[in-house]
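Visitor: I am new to this structure, and I would like a close look at a single part of it. Could you take me slowly through its charged side chains, and tell me where they sit and what they pair with?

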Amino acid sequence: MLWVKALHIISMVCWFAGIFYLPRLFVYHAACEDQPGRERFKIMERKLYRGITTPSMVATLIFGIWLISYNVSGYFSQGWMHAKLALVALLIAYHFYCGHLVKVFRDDRNTRGHVFYRWLNELPVLVLVAVVILAVVKPF
């Protein structure tokens with residue numbers, strides 16, 4: 001079980017690294033005014049989303065489900081786990097929204113400024129803080 005927990009934490013850290021960095025690339029991409037720069041951001045965003053962030057999300061979910069399988073009734077009888085899973089569902093939606101934005105930038109259809117992406121970049125931080133507190137403190 002400890003190996004599965006370690007792999008879950010490692011994959012979660014990689015997932016969050018991608019989720020933190022991808023919107024930061026959107027900030028710079030939205031502010032970029034030259035064509036070679038925009039093309040470079042398209043490559044970086046695609047490789048980060050497909051090569052690191054999405055596989056890390058899948059690994060996080062696999063190892064998380066594996067961990068829950070050790071004690072299904074025990075985990076689902078605790079309120080903090082329900083709240084944590086709701087936040088994970090929100091994070092998955094955020095992940096796919098970022099994938100949508102990768103396609104928007106790829107097709108040169110972005111209409112939002114860098115300020116929007118700066119605010120978007122802060123959302124996963126709040127989710128991370130809440131998930132860690134729920135998993136460690138188990139407040140309810």
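Guide: Please keep in mind throughout that this is a predicted model. A good place to begin is Lys42, a residue of helix α2, which spans residues 35–69. Side chains of opposite charge can pair when their charged atoms come close. Glu39 forms such a salt bridge with Lys42, and the closest N and O atoms of this pair are 3.0 Å apart. Glu39 and Lys42 are three residues apart in helix α2, so about one helical turn separates them.

The two partners differ in how much of their surface is accessible: Glu39 has a relative accessible area of 32% and is therefore partly exposed, whereas Lys42 counts as buried because its relative accessibility is 13%, and buried means under 20%.

Lys42 also has a second partner, since its side chain meets that of Asp108 in a salt bridge, with 3.0 Å from N to O. Here the pair ties together parts that are 66 residues apart in sequence, because Lys42 lies in helix α2 while Asp108 lies in the loop between α4 and α5, the latter covering residues 114–120. Taken together, Glu39, Lys42 and Asp108 are linked in a network of salt bridges.

The structure holds four salt bridges, and another one of them joins the side chains of Arg106 and Asp107, again at 3.0 Å from N to O. Arg106 is partly exposed, with a relative accessible area of 43%, and Asp107 is likewise partly exposed, with a value of 36%.

Arg106 falls within the span of helix α4, which runs over residues 79–106 and also contains Lys103. With Lys103 we come to charges that are grouped in another way, for Arg46, Lys47, Arg50 and Lys103 gather in a patch of positive charge on the surface. Residues in such a patch have no salt bridge, so these four stand apart from the pairs described above. Helix α2 gives the most to the positive patch, with three residues, while Lys103 lies in helix α4. Lys103 counts as partly exposed, because its relative accessibility is 46%.

Helix α2 thus has a place in both parts of this account, as it holds Glu39 and Lys42 and also gives three residues to the positive patch.

Conventions
Residues are numbered from 1 along each chain as its sequence is written. This is a predicted model: local features need pLDDT of at least 70, side-chain atom pairs count only at pLDDT 80 or more; totals for chains, interfaces and linings use all residues. Side-chain values use heavy atoms; hydrogens and water are left out. Patches are made of residues with over 30% relative accessible area and no salt bridge: like charges are joined within 9 Å, nonpolar side chains (Val, Leu, Ile, Met, Phe, Trp, Tyr) within 5 Å. Accessible areas come from the Shrake-Rupley method with a 1.4 Å probe; for residues, only the protein chains shown count as cover. Lys and Arg count as positive and Asp and Glu as negative; His and the chain ends are not counted. The place of a charge is taken as NZ of Lys, CZ of Arg, CG of Asp or CD of Glu. Helices (H or I, at least four residues) and strands (E, at least two) are DSSP runs, numbered from the N terminus. Buried means under 20% relative accessible area, exposed over 50%, partly exposed in between (1.4 Å probe, protein chains only).
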